[in-house]
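Reader: Hi! I'm new to reading protein models, and I'd love a close look at one part of this one. Could you walk me through the first helix and then show me how its surroundings fit in?

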Amino acid sequence: MIPAAAPHAQAIGLLHAAAFGPEAWSEASIATLFASPGVFGFIDEAGGCVIARTVADEAEILTIGVIPAVRRRGLGWQLLGAALHEAGRRGASAVFLEVAADNAAARALYARAGFAEAGRRRDYYGAGQDALLLRRKPCE
């Protein structure tokens with residue numbers, strides 16, 4: 001696993017497309033994100049990536065994706081851990097993320113990592129597709 005930055009936008013875009021299909025972020029949007037203050041990420045050659053950002057004393061996991069061929073092997077856990085440690089290193093006192101309420105696999109990962117529900121955004125992903133806002137403290 002290596003720290004990711006704007007030069008990795010193409011590779012992350014390809015991973016994101018493999019992980020999320022039509023909902024994937026474009027290479028251009030990923031490059032734009034990395035040009036923003038506080039944005040950081042990690043990429044793993046096995047087939048996963050995470051992008052997050054810190055603002056003031058909070059961090060937000062913007063996306064975490066693992067390609068289908070290597071899911072359920074712990075890569076998501078490793079990427080999440082790397083982002084949580086980096087958020088703590090950057091001084092975040094809380095880490096937030098959004099997850100589709102019907103994404104059981106992701107919700108199980110986040111629950112295992114100590115995230116708790118802090119809110120719900122109704123119809124965030126479309127009619128009847130709520131997003132859960134989850135929160136936890138970073139790793140110190």
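Author: Happy to! One term first: a residue counts as buried when its relative accessible area is under 20%, as exposed when that value is over 50%, and as partly exposed in between. Please also keep in mind that this is a predicted model.

Let's try the term out on Arg136, which lies in strand S7. Its relative accessible area is 17%, so Arg136 is buried. Setting aside neighbours within four places in sequence, Arg136 is in contact with Leu84, Ala94, Val95, Ala113, Gly114 and Phe115. Take Leu84 from that list: Arg136 and Leu84 are 52 residues apart in sequence, and their C-alpha atoms are 9.4 Å apart in space.

Now to the helix you asked about, H1. Helix H1 has 12 residues, and the distance from its first C-alpha to its last is 16 Å, close to the 16 Å expected at 1.5 Å a residue. Which of its residues are buried? They are Ala9, Ile12, Gly13, Leu15, His16 and Ala19. If you look down the axis of H1, these buried residues fall within an arc of 165°, so they line one face of the helix. On the face turned away from that buried side you find the exposed residues Gln10 and Leu14.

What do the buried residues of H1 pack against? Their partners are strand S1 (2-4), helix H2 (27-34), strand S2 (39-44), strand S3 and strand S4. Just after the helix comes Gly21, whose phi is positive, near 60°.

A loop residue also meets this helix. Ile67 is found in the loop between S4 and H3. Not counting residues up to four places away in sequence, Ile67 touches Leu15, Ala18 and Ala19, along with Ala46 and Gly47. Ile67 and Gly47 are 20 residues apart in sequence, yet 5.5 Å apart in space, C-alpha to C-alpha.

H1 has a part in the largest pocket, too. That pocket holds about 1,200 Å³ of space. The elements giving two or more residues to its lining are H1 (9-20), S4 (58-66), H3 (75-89), S5 (94-100) and H4 (104-112). Strand S4 supplies the largest share of the lining, with seven residues. In total, 34 residues line the pocket, and those nearest its centre are Phe20, Ile64, Asn103, Ala106 and Tyr110. Sorted by class, the lining has 19 nonpolar, seven polar and eight charged residues.

Finally, let's return to the backbone angle phi, which came up with Gly21. Most residues other than glycine have a negative phi. Two residues here are worth looking up with that in mind. Ala56 is found in the loop between strand S3 (48-55) and S4, and its phi is near 55°, a positive value in a residue other than glycine. With a relative accessible area of 74%, Ala56 is exposed. Asp123 is found in the loop between strand S6 (116-121) and strand S7 (131-136). Although Asp123 is not a glycine, it has a positive phi of about 55°. Is Asp123 exposed or partly exposed? Its relative accessible area is 44%, so Asp123 is partly exposed.

To follow this in the viewer, begin with Leu15 and Ala19 on the buried side of H1, and then find Ile67, which touches both of them.

Notes: Residues numbered from 1 in each chain as written. Predicted model: local features only at pLDDT ≥ 70, side-chain atom pairs only at ≥ 80, totals over all residues. Heavy atoms only, no water. 1 Å grid on protein atoms, 1.4 Å probe; cavity = no way out; pocket = protein on both sides within 12 Å on 5 of 7 lines; lining within 4 Å. Points joined across faces, edges and corners; volume = space filled by probe spheres on them. Helix = DSSP H or I, 4+ residues; strand = E, 2+ residues; numbered from the N terminus. Nonpolar A, V, L, I, M, F, W, Y, C, P; charged D, E, K, R; others polar. Buried < 20%, exposed > 50% of the residue type's maximum accessible area, 1.4 Å probe, protein only. Expected span 1.5 Å × (residues − 1). Arc of directions from axis to C-beta. Contact = heavy atoms within 4.5 Å.
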